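Welcome, and please open your viewer with the cartoon and side chains ready to switch on. We will go from one selection to the next and see what is at each stop.

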Amino acid sequence: MNEQIKISALYNTDETIAAKLFEGCIYPWEVLDKIGSFIMELGSTLSEEEYEKRGDDVWIARSANVFPSAYISGPCIIGRNAEVRHCAFIRGKAIVGEGAVVGNSTELKNVILFNKVQVPHYNYVGDSILGYKAHMGAGSITSNVKSDKKLVAIKGPDGVIETGIKKIGAFLGDNVEVGCGSVLNPGTVVGRGSNIYPLSSVRGYVPELSIYKKQGEIAEKR
């Protein structure tokens, strides 16, 4: 049931330093409350030749390019060759993958960005997991709390799954493209290789290799 929204269907976990975090889990939201403790455990094992510890519980790869104006709170790991640009705001419990880009005024909180992810312009990404080479266009965000403050339910292709969690953002599979100015509502799941039109309000599940045009209009890629 709901095979398409399982971790194995969405992500190649070889493309994240957090691969072990996903072991024993079926759905991606199961790891959200474990990100902080996992970073603390992993950070202490990282090579001092490759990673520099800055402040409390922040490990930054020596090959990463972190702009002086960026704010980074721990626990956090910034991977090799990543770029954290001007005035980025990382609030903690964040893993930024190898070669990933965190851009101007982008805010991260309790997230995993797989390798090569790009959130380069005015993005908010909270309580979310973005797969390998996922890209969020300028101004697109993950909304992670329902307006009625109720617990988030995931509307999968085979039925609704109650998570028991109040804060859940979005789960983007590998190679997902999100258009500029889009809002990914709490519990959104987008399958691998799909595209979201600009200015979209997305909720529920978008199948892999699809083009999301608007609610109720999703085309299969050809």
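In which loop is Pro75 found? Select Pro75 and you will land in the loop between β4 (71-72) and β5 (76-78). Keep in mind as you look around that this is a predicted model. Now add Gly74 to the selection: a cis peptide bond joins Gly74 and Pro75, with omega at about 0 degrees. Most peptide bonds are trans.

**Step back to the whole chain**

Zoom out and colour by secondary structure. The chain has two helices and 25 strands. Its radius of gyration is 16 Å, close to the 17 Å that the globule rule gives for 222 residues, so the chain is as compact as a globular protein of that length. Along the principal axes, the C-alpha atoms fill a box of roughly 50 × 35 × 35 Å.

Switch on the surface next. About 10,100 Å² of the chain is accessible, and carbon and sulfur atoms account for 48% of that area. Of the 222 residues, 50% are buried. If you colour by charge, you will be looking at 25 positive and 25 negative charges, whose mean positions are 7 Å apart.

**Aromatic rings**

Hide the surface and show the aromatic side chains. Six aromatic pairs turn up in a search of the whole structure. For one of them, select Tyr11 and Phe22: their rings form a tilted pair, 6.2 Å centre to centre with 45 degrees between the planes. This pair links distant parts of the chain, with Tyr11 and Phe22 being 11 residues apart, each in the loop between α1 (7-10) and α2 (35-43). Are these two residues buried or exposed? Both Tyr11 and Phe22 are buried. Add Phe114 to the selection, and you have one aromatic cluster made of Tyr11, Phe22 and Phe114.

**Two positive phi angles**

Most residues other than glycine have a negative phi. With that in mind, select Asp127, which is not a glycine and yet has a positive phi of about 50 degrees. Asp127 is in strand β12 (residues 124-130). Because its relative accessibility is 5%, Asp127 counts as buried.

Where is Lys133 found? Move along to the loop between β12 and β13 (135-136), which holds Lys133. Lys133 also has a positive phi, of about 65 degrees, although it is not a glycine. Turn the surface back on here: Lys133 is partly exposed, with a relative accessible area of 40%, whereas Asp127 is buried.

Definitions and conventions
Residues are numbered from 1 along each chain as its sequence is written. This is a predicted model: local features need pLDDT of at least 70, side-chain atom pairs count only at pLDDT 80 or more; totals for chains, interfaces and linings use all residues. Side-chain values use heavy atoms; hydrogens and water are left out. Helices (H or I, at least four residues) and strands (E, at least two) are DSSP runs, numbered from the N terminus. The radius of gyration is taken over C-alpha atoms; the globule rule is 2.2 Å times the number of residues to the power 0.38. Buried means under 20% relative accessible area, exposed over 50%, partly exposed in between (1.4 Å probe, protein chains only). Accessible areas come from the Shrake-Rupley method with a 1.4 Å probe; for residues, only the protein chains shown count as cover. Lys and Arg count as positive and Asp and Glu as negative; His and the chain ends are not counted. The place of a charge is taken as NZ of Lys, CZ of Arg, CG of Asp or CD of Glu. Rings of Phe, Tyr and Trp (its six-membered ring) pair if their centres lie within 6.5 Å; planes under 30 degrees apart count as stacked, over 60 as edge-to-face and the rest as tilted.
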